[in-house]
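User: I would like a close look at one part of this model, taken residue by residue and then set in its surroundings. Please keep to what can be read from the structure itself.

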Amino acid sequence: MPVQSAALSGEASLSAAMQAAQVGDAAAYRALLRDCVPVISAMARAKGVQGAALDDVVQDTLLTLHQARATYDPARPFLPWLRAITQRRAVDALRRKGRRPKEVHEPLAYEARADAGPMPGDDLERRERAAILAAAVAHLPEGQREAIEHIALRELSLDETSTLTGRTKGALKVNFHRGLKALRVSLSSRKEGTDA
C-alpha cells in the first residue's frame, strides 16, 4: 500500500474509532488510545521532545484527548485535531524543561548530544555558495551589477547608492529588480544542472 493511502487509511481508522468511542464503544476507545501512542510520540519527537519528557507528553496528550473527546467533530479529520493537542503538550513540556536548572556535570551528555557548532563542511559549502553568487553577479550588466552589489550585498540605502554611482533612485530600483530576476534565473538553472 503506498505511504499516502496508508496515512489516509490510518486517518480514517482513527477517526472511526474516535466516533465509536464518543458513542460509548469501550473497545474502540482502547484501540484508539493504543493506536495513538506511536503517532503522538512521533509528533512530540518532531517538536524536539526527548527522553523521559517524551513519555510525559504522550501521557498528557492521552489525558487531554480523554478530557476533550466530546469536542472532536467527526466531520473533520482526526489527525490535525490530535496534532494540535500534542503540540500544545509538547510546548508545555519544553517550557517545563527550560525552567529546570541544568545539571553541570553530565558525563554522558558529551557522548549523547550532537555538537551545536557548525557541521563539518558547512564553511566549505558557504564559501562555494558565495563563489557561485559572486560569479553570477559578475555576469550581470554593469547597472544591474552595481545595484545588486551596493544595495543587496553591501546593504547600502538607495540614497547612498545613488550618491556613490551617480544614478537616480528610480534607475537603481529598476536595475536592482532586473538584476534580482536575472540572478534567480541564473542560479535556478545552475541548481537544475544546466549552464546559464
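In which helix is Thr-61 found? Please go on from there to the packing around that helix.

Analyst: This is a predicted model, and what follows should be read with that in mind. Thr-61 is found in helix 3, which runs over residues 52–68. Its relative accessible area is 0%, and because buried means under 20%, Thr-61 counts as buried. Leaving aside neighbours within four places in sequence, Thr-61 is in contact with Ile-40, Leu-82, Ile-85, Thr-86 and Arg-89. One of these, Ile-40, lies 21 residues away along the chain, yet the C-alpha atoms of Thr-61 and Ile-40 are separated by 7.5 Å.

Ile-40 leads to helix 2, where it is listed among the buried residues together with Ala-28, Tyr-29, Leu-32, Cys-36, Ser-41, Met-43 and Ala-44. Helix 2 has 21 residues and reaches 30 Å from its first C-alpha to its last, close to the 30 Å expected at 1.5 Å a residue. That helix nevertheless bends by about 30° at Val-37, and a proline, Pro-38, follows within four residues. Tyr-29 of this buried set also has the charged end of Arg-69 over its ring, 5.5 Å from the ring centre.

A second residue to follow is Leu-65, whose contacts, again without the neighbours within four places in sequence, are Met-18, Tyr-29, Leu-32, Leu-33, Cys-36, Phe-78, Trp-81, Leu-82 and Ile-85. Leu-82 and Ile-85 appear in this list, and they appear among the contacts of Thr-61 as well. Leu-65 belongs to the largest nonpolar core, which has 19 residues, and is one of those with the most contacts inside it, along with Met-18, Leu-32, Cys-36, Phe-78, Trp-81 and Leu-82. Helix 1 (3–22), helix 2 (26–46), helix 3 and helix 4 each supply at least two residues of this core. Apart from it lies another core, of 9 residues, including Ala-136, Val-137, Ile-148 and Phe-176.

Returning to the largest core, Phe-78 and Trp-81, both named there, take part in an aromatic arrangement. The count of aromatic pairs in the model comes to 3. In one of them the rings of Tyr-72 and Phe-78 have their centres 5.5 Å apart and their planes at 80°, and because planes over 60 degrees apart count as edge-to-face, this pair is classed that way. Phe-78 also pairs with Trp-81, at 5.7 Å centre to centre and with 45° between the planes, an arrangement that is tilted. Both Phe-78 and Trp-81 lie in helix 4 (residues 78–99), 3 residues apart, about one turn of the helix. An α-helix has 3.6 residues a turn, so residues three or four places apart point the same way. Tyr-72, Phe-78 and Trp-81 form one aromatic cluster, and each of its members is buried: Tyr-72 has a relative accessible area of 3%, Phe-78 one of 0% and Trp-81 one of 17%.

Technical notes: Residues numbered from 1 in each chain as written. Predicted model: local features only at pLDDT ≥ 70, side-chain atom pairs only at ≥ 80, totals over all residues. Heavy atoms only, no water. Buried < 20%, exposed > 50% of the residue type's maximum accessible area, 1.4 Å probe, protein only. Contact = heavy atoms within 4.5 Å. Phe/Tyr/Trp six-rings, centres within 6.5 Å; stacked < 30°, edge-to-face > 60°. Lys NZ or Arg CZ within 6 Å of the ring centre and 35° of its normal. Core = buried A, V, L, I, M, F, W, Y, C linked by side-chain atoms within 4.5 Å. Expected span 1.5 Å × (residues − 1). Bend = angle between axes of the 7 residues up to and from the residue.
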